[in-house]
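Thanks for making the time this morning. I would like to walk through one part of a model with you, so please have the sequence and the structure open as I talk.

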Amino acid sequence: ESVTQDGQYVELRANLDLPGEAGQARDHGAVGVGLFRTEFLVVGRNQMPAEEEQYDAYKDAAEAFPSGAVYIRTFDLGGDKFPMFLNMPQEENPFLGWRAIRVCLDEPELFRTQLRAFLRATAHGDLRLMLPLVNDVEEIRQVRELLNEQEAILTRDGIPYNPGYKLGIMIETPAAALDAAELARYSDFFSIGTNDLIQYTLAVDRTNTRLAKLYNPFHPAVVRQLHQVARVGRAAGIEVSVCGEMAANPLGAFLLLGLDITVLSMAWPSLPEIKKLVRDVRIEDARAAARKALAAPTSQDVTRCLVEGIGDSVDLKVFSGRWSLSVPD
Ligand code: PEP
Ligand code: MG
């Protein structure tokens with residue numbers, strides 16, 4: 001069981017880049033899919049993916065987790081992912097450009113097909129729809145409108161779907177984190193995409209190896225935003241999870257638990273390690289460490305609070321040394 005020493009259950013889910021990973025994810029202890037990246041359906045293709053192919057992929061994921069939730073993320077194109085069939089412009093700053101939800105809302109044919117495939121697949125399990133890079137309630141409203149339109153067509157044609165599915169967003173920008181209270185009014189859940197949230201908070205390109213040292217998940221500005229989103233989500237009564245790499249980093253996971261984020265999603269190879277961490281620590285120790293981390297003035301101080309908070313309960317060295325990669329010198 002994924003339960004801390006003092007009895008806190010922590011839900012561990014898997015991130016899937018490809019549908020074929022579902023079996024390994026289950027075997028490694030995932031109880032659901034916190035992030036199904038759907039870009040494999042479009043990247044490297046010279047044609048839009050057909051509704052039927054998408055429906056099959058989403059349905060298979062739902063059926064692989066009959067008692068768990070599966071979060072289907074809508075196409076996260078742009079940035080560094082460019083399908084051949086979309087005429088995507090050369091941009092000066094692609095990560096600040098035509099990306100993610102912005103592309104989908106501008107390409108209704110592509111997006112409508114994905115929404116329709118998703119809706120049909122909801123008949124086969126607990127599928128939830130997750131929107132990347134949302135900054136503004138208007139984006140959620142537009143998606144809701146497209147969903148309503150597709151639901152009406154399915155109803156008219158007698159095609160089954162589950163009208164009770166959930167619609168939520170990824171928190172990936174400081175704008176979304178700061179405006180979380182407003183966004184929560186239109187969202188059934190938040191999933192924090194720390195990979196992008198860190199990049200946009202620190203203005204450090206996540207793909208630039210030269211800047212890797214500056215890409216610090218324990219920067220106080222990141223910690224405060226995580227705290228803010230968790231607090232707002234709790235007050236609004238919606239689920240807050242993390243599906244960025246931070247959840248797979250032992251120190252990161254410890255911090256998240258301390259902020260009362262107890263739903264973590266990660267690439268399946270990390271699941272056993274993080275489950276071990278969960279079983280070895282006390283949520284009360286994590287909370288105490290997080291309280292100190294929130295008051296810490298620098299990344300180094302944040303890291304120190306977390307390392308001290310974990311104390312001897314975990315041998316951090318067993319975690320392949322990965323934790324130290326994210327710790328500043
Ligand atoms: C993230 O940004 O943290 C995330 C999970 O999405 P991706 O890595 O696919 O951008
Ligand atoms: Mg992202």
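Let me begin with a question: in β7, which residue is the bridge partner of Ile-192? In this model, which I should say at once is a predicted one, that partner is Val-242. Strand β7 covers residues 239-242, and four bridges join β6 to β7, the two running parallel. If you turn to β5, you will find that it also runs parallel to β6, with three bridges joining them, and that Ile-192 is the partner in β6 of Ile-171.

Staying with β6, which spans residues 189-192, Phe-189 and Ser-191 point one way while Phe-190 and Ile-192 point the other way, and all of them are buried. That fits what we know of strands in general, where side chains in a regular strand alternate between the two faces of the sheet.

Now to the metal. The magnesium ion, ligand 2, is coordinated at 2.0 Å by Glu-172 through OE and by Asp-196 through OD. This pair links distant parts of the chain, since Glu-172 lies in the loop between β5 and α6, whereas Asp-196 belongs to helix α8, 24 residues apart. Both Glu-172 and Asp-196 are buried.

Finally, helix α9, residues 220-236, has 17 residues and reaches 24 Å from its first C-alpha to its last, close to the 24 Å expected. Its buried residues include Val-222, Val-223, Leu-226, Val-229 and Gly-233. After α9 comes Gly-237, which has a positive phi, near 75 degrees.

Conventions. Residues are numbered from 1 along each chain as its sequence is written. Chains are lettered from A and ligands numbered from 1 in the order in which they are written. This is a predicted model: local features need pLDDT of at least 70, side-chain atom pairs count only at pLDDT 80 or more; totals for chains, interfaces and linings use all residues. Side-chain values use heavy atoms; hydrogens and water are left out. The expected span of a helix is 1.5 Å times one less than its number of residues. Buried means under 20% relative accessible area, exposed over 50%, partly exposed in between (1.4 Å probe, protein chains only). Donors are N, O and S atoms within 2.8 Å of the metal (3.2 Å for Na, K and Ca); water is not among the atoms, so sites may look incomplete. Two strands pair if DSSP finds at least two bridges between them.
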